[in-house]
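Please open the structure in your viewer and keep the sequence panel visible. The tour below proceeds selection by selection.

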Amino acid sequence: MTAAQYGICLSGVVRREALRWLNQRGRFISALVRPLVWLAIFAAGFHFVLGVSIIPPYETYIPYEVYIAPGLLAMIQLFNGMQSSLSMVYDREMGSMKTLMISPFPRWFLLLAKLLAGVVVSIVQAYIFLAIAWFWEIEPPIGGYVAVLPALVLAGLMLGALGLVLSSFIRQLENFAGVMNFVIFPMFFTSSALYPLWRVAEASPVIYWLSEINPFTHATELIRFALYDRLNLLSALIVTGYLVVFVFLAVWGYDPGRGLIARRAGAE
Amino acid sequence: MALEAPALAIEDLSHAFGARKVLDRVSLSVGRGDFTVLLGLNGAGKTTLFALITRLYLSHSGLISVFGHDIKKEAQAALRCMGVVFQQSTLDLDLTLEENLFYHAALHGMRRKLAAARIGEELARVGLAERRRERVRVLSGGQRRRVELARALIHNPSLLLLDEPTVGLDMASRQFLLDHVRGLCTSQGLGVLWATHLIDEAGPDARIVILHQGRVRAAGERAEILARTGEVTLKAAFDRIIADGAAKRGGETS
């Protein structure tokens, strides 16, 4: 296989992911509406309850809507990562995984292509959200819109890789509700997405430390700082570390020799 | 790659899921241009065999080679010359016929222009060229199968594997698929392994492999199998072979 053929394969996988996203109306609409519901309803409700003091990267007092916007961007990516990867678990989707796996390209490359395709889709969603959020006076500096792109790529890859790991290891995720309850909600709530961690520390040190090791917290902080044109190096390093671990586990999980796919097939 | 290597050669292949042995020392081969029918009841191990040939997972014992390429050591070369129709449909229902096929072509590294030409040819052969821009969801079961067959052939494979391709299809669709694939064997020298539990799908000239409880119980031309069992019909021969296998197994365990 030549380098050009690798490129063709990658663009084919991305193209399919994008077409599927556009064609599945329900998924398309809910992906856009979900964060907006949080912004319009949840944030409005808490607008006067939660005051956010001046914490980096913000240079002034900010309304609650502004605080949770980066967390909602990360949530878009979390949902997307879980959805595109965990969909492989389901029967019909297991079929589409087969189509991918019998391609003559190396398996690590196919998994990476699948991962990148999910990230591309999630980034498009993130920018659409940012465009709409502008009407809620979430107006980061122009530079922030550019600087957030690499942050979204890194965070999206990490969360997508986590989805791949789950899809290869977890056998009994019957439906998306299970993932919501056991992965998405715990990750979302024990993170800095909805409230600053210093507030959590006051309430519960345990939850504070859980939040500190939660990859989602660092995805959120990476995005938050980037959106204001600043680099949160610690979060960037932690997200990268998790990415490496998750990619390694995903490649291991999909290895035909050790075969978690094989084990699952045996359970059928 | 040895020029005379068969399209598919399986030697002494075993596979187990935990303690449950699904394939037990299976050996078979499919020659170039051969239409080989893998006959077996549900649960005989056919689908596992397909998963191993297509490297969805690997076996720890035995050898699988495709045109001389060992699936473990030269997976890419082996997969490149293989076309597969799985038992369950693997099409994206919300995408159009050609979007599905373009995706497959990209997975084989085919340039879009070449892919477009091949898609046109293969869809025309299965009589669906006019519908290339429709979503798969609106097609009937038989039509979807035809699309899957077209898809498996886009990259010009020399070995075609079909796992129970006719399940749930009406007589006309079944016949169409059988005739089409048999035609490809003769016209293009395609080696075919056609797994089924429907005995009448093994035509008079087919090579037959009977798989039962993970073992190959008989293999050869139809006439050889009939002669060996002393039966007149393939159905009777199949039943006898399965019954003998069960008796033997019962004897082994008692």
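Begin by selecting His15(B) and Leu23(B): in this predicted model, Leu23(B), in strand 2 of chain B, is the bridge partner of His15(B). Next, select Leu13(B), whose bridge partner in strand 2 of chain B is Val26(B). Now extend the selection to the two strands themselves. Strand 1 of chain B covers residues 8-17, and 7 bridges join it to strand 2 of chain B in an antiparallel arrangement. In general, the strands of a sheet pair through backbone hydrogen bonds.

Move to the turn of this hairpin. Strand 1 and strand 2 of chain B have 2 residues between them, and Gly18(B) in the turn has a positive phi of about 65 degrees.

Strand 1 of chain B should now be followed to another partner. Select residues 61-66 of chain B, which form strand 4; 5 bridges join this strand to strand 1 of chain B, and the two run antiparallel. One pair to display here is Ile10(B) with its bridge partner Ile64(B) in strand 4.

Which order do the strands of the whole sheet follow? The sheet in chain B is open, has 4 strands with antiparallel pairing, and follows the order 2-1-4-5. Select residues 20-30 and 69-70 of chain B to see its edges: strand 2 and strand 5 each have a single partner strand, so one side of each lacks a neighbour in the sheet.

Next, display both chains together. In this view, 29 residues of chain B are in contact with 28 residues of chain A. Helix 2 (75-80) and helix 3 (97-107) of chain B each supply at least two residues of the side that touches chain A. Helix 3 of chain B gives the most to that side, with 6 residues. By class, the side of chain B that touches chain A comprises 14 nonpolar, 9 polar and 6 charged residues.

Remain with helix 3 of chain B. How many of its residues are buried? The count is 11 of 11, and the helix is mostly covered. Among the buried residues are Leu97(B), Phe102(B), Tyr103(B) and Leu107(B). Just after this helix, select Gly109(B), which takes a positive phi of about 70 degrees.

Finally, turn to the largest nonpolar core, which has 150 residues. Ala155(A), Met158(A), Ala161(A) and Ile223(A) have the most contacts inside this core. Select Ala155(A) and, leaving aside its neighbours within four places in sequence, look for its contacts, including Ala74(A), Gln77(A), Leu222(A) and Val239(A).

How values were computed. Residues numbered from 1 in each chain as written. Chains lettered and ligands numbered in written order. Predicted model: local features only at pLDDT ≥ 70, side-chain atom pairs only at ≥ 80, totals over all residues. Pairing = 2+ DSSP bridges. Contact = placed C-beta atoms within 7 Å. Nonpolar A, V, L, I, M, F, W, Y, C, P; charged D, E, K, R; others polar. Core = buried A, V, L, I, M, F, W, Y, C linked by C-beta atoms within 7 Å. Buried ≥ 20, exposed ≤ 12 C-beta atoms within 10 Å, placed from the backbone.
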